[in-house]
Amino acid sequence: MAQLNVEYLGLALKNPLIAGACKLTSNLDKLKQIEEAGAGAVVIKSIFEEEIQLERFKFDEDNERFDNLHPEMVNIFPQGIEHGGPEEHLMWTRKAKEALSIPVIGSLNAVEKESWFEYAAKLEQTGVDALEINFYSVPTQFGSSAESIENDQIAIAAEIVKQVKLPVSVKLSPYYTNPLNIITRLSQVGPKGFVLFNRLFQPAIDIDEEKNIFPFNLSSPGDIRLPLRFTGLLYGQTSADICSSTGIYSGKEALSFLLAGATCFQVVSAMYTKGIKHIGAIINDIQEWMSRKEYATIDEFRGKLSRSKSNDPWIYTRAQYASMLLHSDEIISNSDLAA
Ligand SMILES: Cc1cc2nc3c(=O)[nH]c(=O)nc-3n(C[C@H](O)[C@H](O)[C@H](O)COP(=O)(O)O)c2cc1C
């Protein structure tokens with residue numbers, strides 16, 4: 001039987017499938033199902049400062065709602081009650097860690113600089129095995145330059161690595177001018193791994209109702225190509241582990257990432273669309289493929305199709321694009337024929 005175990009962030013994983021951060025990983029029952037389905041590790045839903053700020057705002061609003069109704073009715077709640085801040089999140093992260101035997105990775109996303117460090121320290125105290133810094137942010141300030149945003153992120157990562165004893169990974173969005181550059185600069189300040197990539201919620205518009213909507217933003221298998229390119233480019237160029245993410249629905253996508261050089265991979269959308277048990281099917285696919293190809297361990301084929309192990313200098317660069325342009329007429333006429 002092929003050995004699927006890998007080492008990620010210095011943690012021993014029985015296989016490379018990690019259940020990625022999402023609402024499912026904030027629920028103890030679901031987390032147990034994820035473990036039973038065979039996941040190698042799990043990332044708990046991020047602690048989002050923005051969410052806590054919004055909840056706190058709503059709490060204060062409810063708290064003060066009756067202030068002006070009756071002069072004697074200062075408040076419907078006893079005086080001095082405050083929103084619990086991140087405490088609730090920390091409480092069930094601790095419970096998740098106690099309940100599971102697979103590695104549990106805490107995840108954080110903050111707005112204020114100080115909150116990054118506060119949350120990192122508090123998550124460490126819950127007993128999690130590692131921290132994933134989730135640099136999930138949408139640029140909304142016209143005046144912020146790419147350089148200043150990147151420098152801030154690097155300074156935050158450096159300080160967190162310095163302050164906590166846990167291994168740290170950084171989860172990035174693909175929207176950097178040069179992801180290879182920021183990853184290289186970040187890796188110099190000590191994270192042991194990179195998660196490529198996050199998937200930002202994007203707004204949409206309902207043209208019938210003429211209103212803004214926020215549909216559930218799940219991926220599809222075709223979405224692996226962008227992270228696959230950067231996985232293939234990075235393998236052998238950084239000592240940090242690469243954890244690929246986005247669009248993994250079967251062993252086919254998972255194996256593509258491993259062949260490109262990923263140490264492990266994260267799955268979220270497939271759990272939502274196919275159910276948590278589907279994790280087991282992805283692991284079985286890998287196992288079957290390795291047996292068929294007579295691979296005993298993942299190390300025997302990891303990175304085999306990365307850029308650094310390939311003899312073709314154009315792999316993962318623009319060559320395919322040029323050939324697509326040259327042959328795009330054939331693609332159109334073939335699909336016309338098929339229709
Ligand atoms: C409902 C939902 C909630 C998510 N919550 C988080 C989160 O808390 N933290 C995080 O880093 N990523 C979060 N993500 C992003 C996923 O972890 C993952 O990076 C992304 O969905 C791409 O993987 P996939 O193609 O397997 O879905 C969330 C995704 C979804 C669909």
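Which helix does K122 lie in? Let me start there, everyone, and then walk outward through the rest of the chain. K122 is in helix α4, which covers residues 113–125. One word of caution before we go on: what we have here is a predicted model.

So, is K122 buried, exposed or something in between? The residue counts as partly exposed, because 18 C-beta neighbours fall inside 10 Å, and the buried class begins at 20. Setting aside residues up to four places away in sequence, K122 touches P86 and L90. There is also a longer link to point out: V164 is 42 residues away from K122 in sequence, yet the C-alpha to C-alpha distance is 9.9 Å.

Now the overall picture. The chain has 339 residues, and 36% of them count as buried. You will find 11 helices and 13 strands. If you take the contacts with a separation of 6 or more, 72% are between residues 24 or more positions apart.

Let's go back to α4 and see what it connects. Helix α4 sits on the path from β6 to β7, and this β-α-β crossover is right-handed. The two strands, β6 at residues 104–109 and β7, pair in the parallel sense over four bridges. Within that pairing, I105 stands opposite A130 of β7.

What about β7 itself: covered or open? Strand β7 spans residues 130–134, and five of its five residues are buried. Both faces are covered, with A130, E132 and N134 on one side and L131 and I133 on the other. For those of you who think about charges, please note that E132 is on that list of buried residues.

On to the next strand along. β7 is joined to β8, residues 168–172, by four bridges, and these strands run parallel as well. Here N134 stands opposite K171 in β8. The connection again goes through a helix: β7, α5 and β8 make a right-handed β-α-β unit.

Helix α5 covers residues 146–163, and E147 lies in it. Why does E147 count as exposed? It does so because 9 other C-beta atoms lie within 10 Å, and the limit for exposed is 12 or fewer. Even so, E147 has I182 at 9.8 Å, C-alpha to C-alpha, with their positions 35 residues apart in sequence.

Let me jump now to the other end of the numbering, to β13. This strand, residues 264–267, is covered on both faces: C264 and Q266 are buried on one side, F265 and V267 on the other. Strand β13 has parallel partners in β3, residues 17–19, through three bridges, and in β12, residues 241–245, also through three bridges. Q266 is the residue to click on here, as it is the bridge partner of I18 and of S245. Together with helix α8, residues 251–260, strands β12 and β13 make a right-handed β-α-β unit.

Several of these residues turn up again in the largest nonpolar core, which has 78 residues. Those with the most contacts inside this core are I18, V42, L131, F265, V267 and I279. V267 is a nice example to look at: beyond its neighbours within four places in sequence, V267 is in contact with L17, A19, G20, I248, I279 and I282.

And which residues come nearest to the ligand? Out of 22 around it, those are A21, S46, S219, V268 and S269. By type, the shell divides into eight nonpolar, 10 polar and four charged residues.

Last stop: some backbone geometry that you may want to check yourselves. The peptide bond from L196 to F197 is cis, with omega near 0°. F197 belongs to the loop between β9, residues 193–196, and β10, residues 204–206.

Then there are two glutamates with positive phi. E210 has phi near 50° and is found in the loop between β10 and β11. This residue is exposed, because 7 other C-beta atoms lie within 10 Å. E294 has a phi of about 60°, and its place is the loop between α10 and α11. E294 counts as exposed too, because its own count within 10 Å is 8 other C-beta atoms.

That's my tour, thanks for listening!

Definitions and conventions: Residues numbered from 1 in each chain as written. Predicted model: local features only at pLDDT ≥ 70, side-chain atom pairs only at ≥ 80, totals over all residues. Near = placed C-beta within 6 Å. Nonpolar A, V, L, I, M, F, W, Y, C, P; charged D, E, K, R; others polar. Pairing = 2+ DSSP bridges. Right-handed = clockwise from strand over helix to strand, strands pointing away. Contact = placed C-beta atoms within 7 Å. Core = buried A, V, L, I, M, F, W, Y, C linked by C-beta atoms within 7 Å.
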